[in-house]
2 protein chains.
Amino acid sequence: MSLPGSGDGPRVSDTGERALIERIRRRLPPAPSALLVGVGDDAAVAAPDRGALQVLTTDALVEGVHFDRRFSSPADIGYKALAVNISDVASMGGAARFALLSLILPPDTLVAHVDGLLDGLMELASASRVALVGGNITRSPGPLIVDVTVVGSVKPRKILKRDGAKPGDALYVTGQLGAAAAGLEWLRAASRDEPAEAERLARPDDPGLAACVERHCRPEPRARLGALLGRNRAASACMDLSDGLADAVSQIACASGAGAAIDPALLPLHGGARAWFAAAGRDPVGACVAGGDDYELLFTVPRRARGRLRAVIREARGVPVTRIGEVTAGRSIGLLRDGTLEPLPAGFVHF
Amino acid sequence: MSLPGSGDGPRVSDTGERALIERIRRRLPPAPSALLVGVGDDAAVAAPDRGALQVLTTDALVEGVHFDRRFSSPADIGYKALAVNISDVASMGGAARFALLSLILPPDTLVAHVDGLLDGLMELASASRVALVGGNITRSPGPLIVDVTVVGSVKPRKILKRDGAKPGDALYVTGQLGAAAAGLEWLRAASRDEPAEAERLARPDDPGLAACVERHCRPEPRARLGALLGRNRAASACMDLSDGLADAVSQIACASGAGAAIDPALLPLHGGARAWFAAAGRDPVGACVAGGDDYELLFTVPRRARGRLRAVIREARGVPVTRIGEVTAGRSIGLLRDGTLEPLPAGFVHF
């Protein structure tokens, strides 16, 4: 990993926008048959899936806000910029199809770093069968920004919204919680403030911690599970955990005009995250529930759809799915501890 | 107009992302029937036009690169951020349908300025029948950035690409050239370097100059004419003049494997721009041909399609269309002066 402006080789200011676009165009895999006009014209032209609706989402990663070039390699940043958008499409029950990449680059950005960004983005694009169809490159007088738009598709009546949860529905979450937040905390502590303290709390070669750092740098969008939940109509509401579980539970409950009770004993805390927060003297449940960037899915399942959920879990081989609580009548939201509802901690705040 | 950080009232850092999104959501007009899920969920869901292909494009306006808050009001910036994307869709022969708005805002941005941005964007969106369906808001540790993605539609076999021009096709341009570049030059001269010199060259109340400034701040995308050119199959190639006429001629010629000869006497130079560049002692043709940001359309018309072009011009009431030259065999590109081909000046460079 290198710092901004460090390292050798040509910069984007030496290369120019046109040459950069051509450089990207040359490394794209063969276009899918649905793509009629790709990178290099005023806009891309693509055929939508037959009988499907368009799913449209955009999400930007901003240097100094969402990533730190000391912790994330260019490939990590490119990977994550696409991952967070694929996650949004999955949380609607859709399948991502096409991506537009808007790069806003400081002039001293190394061309090798742009290549790295594309390496990471293309790695996930090809694993997810998403085609990079266009975008834009311009100069930044400030931070490096990677702004990605993804267009996906979803069949009518298979859309997963936030507002469909009903009292009595069970709350489920994929994967494990808190890893991305713990990974970022360790990176910050080790690199800046108190490296000795960071090492006392967790050794850099600890596999649990390494998994947390990996989750921060390369979140795994639950693309297949989201699409299956939509297709099988197993979920009544769904969203992704970009800003943490506590935030997602509140969002689904508020949008659905309902409450939610989470059983803290059921929460699938990540082992490495639990160890990190405990060593730091903090409540692992609270920290894992508040921590953002996990990009797991939170969804609600009506009693009558539990059989369909079992089918989804079988098809989405290997993705852990855990029941963590229930949608309730009324508007209270919290962790159910010894019969009392404790308020949820706050999630990630963008300003 | 106010400077960044100046003025009174709440800042986006006081308001927060959620409240800003809610503020935007509340002022949206009723959603078109094609929009099934709009602002406020993980992604938008929209029905594509029946039998149509998707046109996908994204373009960012970056403070200090594409706009200066001393010259452009927040409403101008919002208007232009959408206009440049509608122009890209029009240049493919498509019609813009949906927009995603990615705002990257310094924390001290006034909420009133975000309102202004939306005013300008919504004004053009409603005039162009484009629905704002989603987006993203995040903090910027540097400049204010407005990154817009537009999804449009185009019928199969009606797509206008850059690479379809053939030797013998006539070259046409809409509107007038050079106004945006002249307007920006005057604004820069008057505000910063030499206000007296700026006033000597052009009085601020000169209507020609005012039109130039207006064109810089609020370019008019040729949405209707582009869609008509595609629908009637009148053009063999098309692109917009984001980086100037000289650049667009080169792009179409290169993509089509052809050359181009422009007759400088035919070029529709903007009167205000011609006066400004002449007063500044520069060649008006060269300056108007190199100047970017006009967002007119350059297109090529085969001889057999001239009747169809006349029909398009009649339908696109009031948009000037001027024949400026011809696509040629070979690869030479230039201005034909006294039988010699002079090279075209260079266009806007992004790094």
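In chain A, 19 residues of domain 1 meet 18 residues of domain 2. That is a good place to enter this structure, which is a predicted model.

**Two domains in chain A**

Domain 1 of chain A covers residues 12–154, and domain 2 of chain A covers 170–342. Their centres, taken over C-alpha atoms, are 27 Å apart. Which elements supply the side of domain 1 of chain A that touches domain 2 of chain A? Helix 3 (74–90) and strand 4 (95–105) of chain A each bring at least two residues to that side. Helix 3 of chain A gives the most, with nine residues. Sorted by class, this side of domain 1 of chain A has nine nonpolar, six polar and four charged residues.

Stepping back to the whole of chain A, its secondary structure comes to twelve helices and 13 strands. The C-alpha atoms of chain A fill a box of roughly 65 × 60 × 35 Å along the principal axes. A compact globule of 351 residues would have a radius of gyration near 20 Å, and the 21 Å of chain A therefore agrees with that expectation.

**A helix crossing**

Let us look next at a pair of helices in chain A. Helix 7 (residues 207–217) of chain A and helix 10 (residues 271–279) of chain A have axes that come within 8 Å and cross at roughly 105°. Angles of 65 to 115 degrees count as roughly perpendicular, and helix 7 of chain A and helix 10 of chain A are therefore placed in that class. On the helix 7 side of chain A, the contact is made by A:Gly208, A:Leu209, A:Ala211 and A:Cys212, while helix 10 of chain A contributes A:Gly271, A:Gly272, A:Ala273, A:Ala275 and A:Trp276. This contact between helix 7 of chain A and helix 10 of chain A has six nonpolar residues, three polar ones and no charged ones.

**Where the chains meet**

The contact between the chains takes 58 residues from chain A and 58 residues from chain B. Strand 3 of chain B provides the largest share of the side of chain B that touches chain A, namely nine residues. That side of chain B divides into 32 nonpolar, 16 polar and ten charged residues.

Sheets also run across the two chains. One is an open sheet of six strands with mixed pairing, in the order 5(A)-4(A)-6(A)-3(A)-2(B)-1(B). Which strands stand at the edges of this sheet? They are strand 5 (131–139) of chain A and strand 1 (35–37) of chain B; each has a single partner strand, so one side of each is left without a neighbour in the sheet. With direction ignored, neighbouring strands of this sheet are turned by 20° against each other on average. Within it, strand 3 (residues 53–62) of chain A runs antiparallel to strand 2 (residues 44–46) of chain B, joined by three bridges. Across this pairing, A:Gln54 stands opposite B:Ala46, and A:Val55 stands opposite B:Val45.

Another open sheet, also of six strands and with mixed pairing, has the order 1(A)-2(A)-3(B)-6(B)-4(B)-5(B). Its edges are strand 1 (35–37) of chain A and strand 5 (131–139) of chain B, each with a single partner strand, so one side of each lacks a neighbour in the sheet. The twist from one strand to the next averages 20°. Helix 4 (residues 111–128) of chain B packs on this sheet, where it touches strand 4 (95–105), strand 5 and strand 6 of chain B. The direction of helix 4 of chain B makes about 175° with that of strand 4 of chain B.

**Antiparallel pairs in chain B**

The table gathers three strand pairings of chain B, each with one pair of opposing residues.

| Strand | Partner strand | Bridges | Opposing residues |
|---|---|---|---|
| Strand 3 (residues 53–62) of chain B | Strand 6 (residues 145–154) of chain B | ten bridges | B:Leu53 and B:Val154 |
| Strand 7 (residues 170–174) of chain B | Strand 11 (residues 321–328) of chain B | five bridges | B:Thr174 and B:Val321 |
| Strand 9 (residues 259–262) of chain B | Strand 11 of chain B | four bridges | B:Ile262 and B:Gly325 |

Strand 11 of chain B appears in two of these rows, pairing in the antiparallel sense with strand 7 of chain B and with strand 9 of chain B.

Methods. Residues numbered from 1 in each chain as written. Chains lettered and ligands numbered in written order. Predicted model: local features only at pLDDT ≥ 70, side-chain atom pairs only at ≥ 80, totals over all residues. Axes fitted to C-alpha atoms, helices over the stretch in contact; angles between N-to-C directions. Parallel < 35°, antiparallel > 145°, perpendicular 65-115°, else oblique. Contact = placed C-beta atoms within 7 Å. Nonpolar A, V, L, I, M, F, W, Y, C, P; charged D, E, K, R; others polar. Pairing = 2+ DSSP bridges. Domains from an automatic or database assignment. Rg over C-alpha atoms; globule rule 2.2 N^0.38 Å.
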